[in-house]
Amino acid sequence: MTAQLIKGAEVAKQIREELAAEIAELKAKHNVVPGLVTVLVGADPASQVYVGAKEKTSQELGIYSERHDIPTETTQSELLALIDKLNKDPKINGILVQLPLPKHLNETEVLYAIDPKKDVDGFHPVNVGKLMIGEPDYIPCTPHGIWQLLIRSGVQIEGAEVVVVGRSNIVGKPIANILLQKQKNANATVTVCHTRTRDMAFHTRRADIVIAAVGKAKAITADMVKEGVVVIDVGVNEIGKTADGKRILAGDVDFEAVKEKASAITPVPGGVGPMTITMLMMNTVRAAKLAAGLA
Ligand code: NAP
């Protein structure tokens, strides 16, 4: 069996078209323009690329976009004052502080200072708690993207054995939480593996769906999965550089071997990656609708 490719770039494009139409309608019917602000502390090149991509996508979709690039030396109290100002700004529905922050800043305190209603990353404990009890306002972007990929690819989630490898707060735990909720497109039986799991292959071999969020190239090999499995590869690992200095990326799954056993699989790049920014846009639109009493 050679797997069907789950093409994140195509699904993301489709969702963006839907969002652009929704944003145009919000403006025409309700005079509501969703607003997203990004805050970048320092000049980390990778962070600049991510923030630039978020700004560009916002503008393409008709989202009001603001960008605050502030110096590395910014103090904790200066950053908290900026967040306080953005919390009170009615033009802004979503606040995104690009991580990681410089080491002298307290990341947790900064994330907790964002008004949960504007926390479009879904990292504030209020939003984490709401997700846990099955009443989310915002689902964190990468797990939200994974969920949409599964749904829109027609994967049977209800009743499926799902094994998530990785238990981070931004990917592993939230996707496990989403898929075990008692609701449509969820209702899965979910197992979460991590570095202290005794026999990981025992779990992955009986999975109908494997979600790999490990951060290690080829952590999931063909002998660890069953025929017909659906594989979502979240990993982004640099495994080398091309002659002209470009990064060579690989996922957490041994793609070439696993695709011969899987019924469907996401590639890296072009799988989960393109979904993440798109789901940030979806959360921003939801924040604007919630603020306007339209959701
Ligand atoms: P993370 O915080 O480093 O967490 C990795 C998890 O994997 C941990 O729970 C760790 O277990 C577990 N793990 C590591 N090695 C393992 C092993 N050999 N066996 C079993 N479990 C193991 O990483 P993350 O932030 O969740 O990200 C995971 C991957 O996804 C990374 O490659 C990251 O770059 C990528 N990512 C991609 C996107 C995207 O948009 N495409 C977004 C976010 C992340 P312990 O808890 O026991 O340490």
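This is a dialogue about reading a predicted model, from its domains and ligand site to its helices and its less common backbone features.

Visitor: Before looking at single residues, into which domains is the protein chain divided?

Guide: In this predicted model, the chain is divided into domain 1, covering residues 29-114, and domain 2, covering residues 141-275. The C-alpha centres of domain 1 and domain 2 lie 29 Å apart.

Visitor: Turning to the ligand, which residues around it come nearest?

Guide: There are 19 residues around the ligand, and those that come nearest are Arg167, Ser168, Thr195, Val236 and Thr276. Sorted by class, that shell is made up of seven nonpolar, 10 polar and two charged residues.

Visitor: Which polar atoms of the protein lie 2.7 Å or 2.8 Å from an oxygen atom of the ligand?

Guide: For Arg167, a polar side-chain atom lies 2.7 Å from a ligand oxygen atom, and for Thr276 a polar side-chain atom lies 2.8 Å from an oxygen atom of the ligand. The backbone also takes part in the list, since a polar backbone atom of Val234 is 3.4 Å from an oxygen atom of the ligand. As for cover, the ligand taken alone exposes 930 Å², and the protein buries 69% of that area.

Visitor: Thr276 has come up twice; with which side chain does the side chain of Thr142 make a polar contact?

Guide: The partner is the side chain of Thr276, at 3.1 Å, and Thr276 is also one of the residues that come nearest to the ligand. Thr142 itself is found in helix α6, which spans residues 141-152. Setting aside neighbours within four places in sequence, the residues in contact with Thr142 are Val171, Val234, Val272 and Thr276.

Visitor: Is Thr142 buried or exposed, and why?

Guide: The cut-off for a buried residue is a relative accessible area under 20%. Thr142 counts as buried because its relative accessibility is 18%.

Visitor: How should I read burial along a whole helix, for example α7?

Guide: A general point about helix geometry helps: an α-helix has 3.6 residues a turn, so residues three or four places apart point the same way. Helix α7, residues 172-180, is mostly covered, with seven of its nine residues buried. The buried residues in α7 are Gly172, Pro174, Ile175, Ala176, Asn177, Ile178 and Leu179. Their cover includes the helices α5 (125-132) and α6, together with the strands β5 (161-165), β6 (189-193) and β7 (209-212).

Visitor: What do Leu19 and Ser58 touch, leaving aside neighbours within four places in sequence?

Guide: Leu19, whose place is in helix α1 (residues 8-30), is in contact with Leu61, Thr278, Met281, Met282 and Val285. Ser58, found in helix α2 (residues 45-61), touches Leu36, Ile63, Ser65 and Met281. Met281 therefore appears among the contacts of Leu19, which is buried with a relative accessible area of 3%, and Met281 is likewise touched by Ser58, a residue that is buried at 1%.

Visitor: What should I know about backbone geometry in general, and which peptide bonds here are cis?

Guide: Most residues other than glycine have a negative phi, and most peptide bonds are trans. In this model, the peptide bond from Leu99 to Pro100 is cis, with omega near 0°, and a cis peptide bond also joins Val268 and Pro269, where omega is about 0°. Pro100 is found in the loop between β4 (94-97) and α4 (107-113), while Pro269 is found in the loop between β11 (264-265) and α10 (273-291).

Visitor: And what are the phi values of Asn185 and Asn187?

Guide: Asn185 has a positive phi of about 60° although it is not a glycine, and Asn187, also a residue other than glycine, has a positive phi near 55°. Asn185 is found in the loop between α7 and β6, and Asn187 is found in the loop between α7 and β6 as well. Asn185 counts as partly exposed because its relative accessibility is 25%, and Asn187 is partly exposed with a relative accessible area of 29%.

Methods
Residues are numbered from 1 along each chain as its sequence is written. This is a predicted model: local features need pLDDT of at least 70, side-chain atom pairs count only at pLDDT 80 or more; totals for chains, interfaces and linings use all residues. Side-chain values use heavy atoms; hydrogens and water are left out. A residue is near a molecule or strand if one of its heavy atoms lies within 4 Å of it. A polar contact is a pair of N or O atoms within 3.5 Å; within protein, one must be able to donate a hydrogen and the other to accept it, and residues adjacent in sequence count only if both atoms are side-chain atoms. Accessible areas come from the Shrake-Rupley method with a 1.4 Å probe; for residues, only the protein chains shown count as cover. Ala, Val, Leu, Ile, Met, Phe, Trp, Tyr, Cys and Pro count as nonpolar, Asp, Glu, Lys and Arg as charged, and the others, Gly among them, as polar. Helices (H or I, at least four residues) and strands (E, at least two) are DSSP runs, numbered from the N terminus. Buried means under 20% relative accessible area, exposed over 50%, partly exposed in between (1.4 Å probe, protein chains only). Contact means heavy atoms within 4.5 Å. Domain bounds come from an automatic or database domain assignment.
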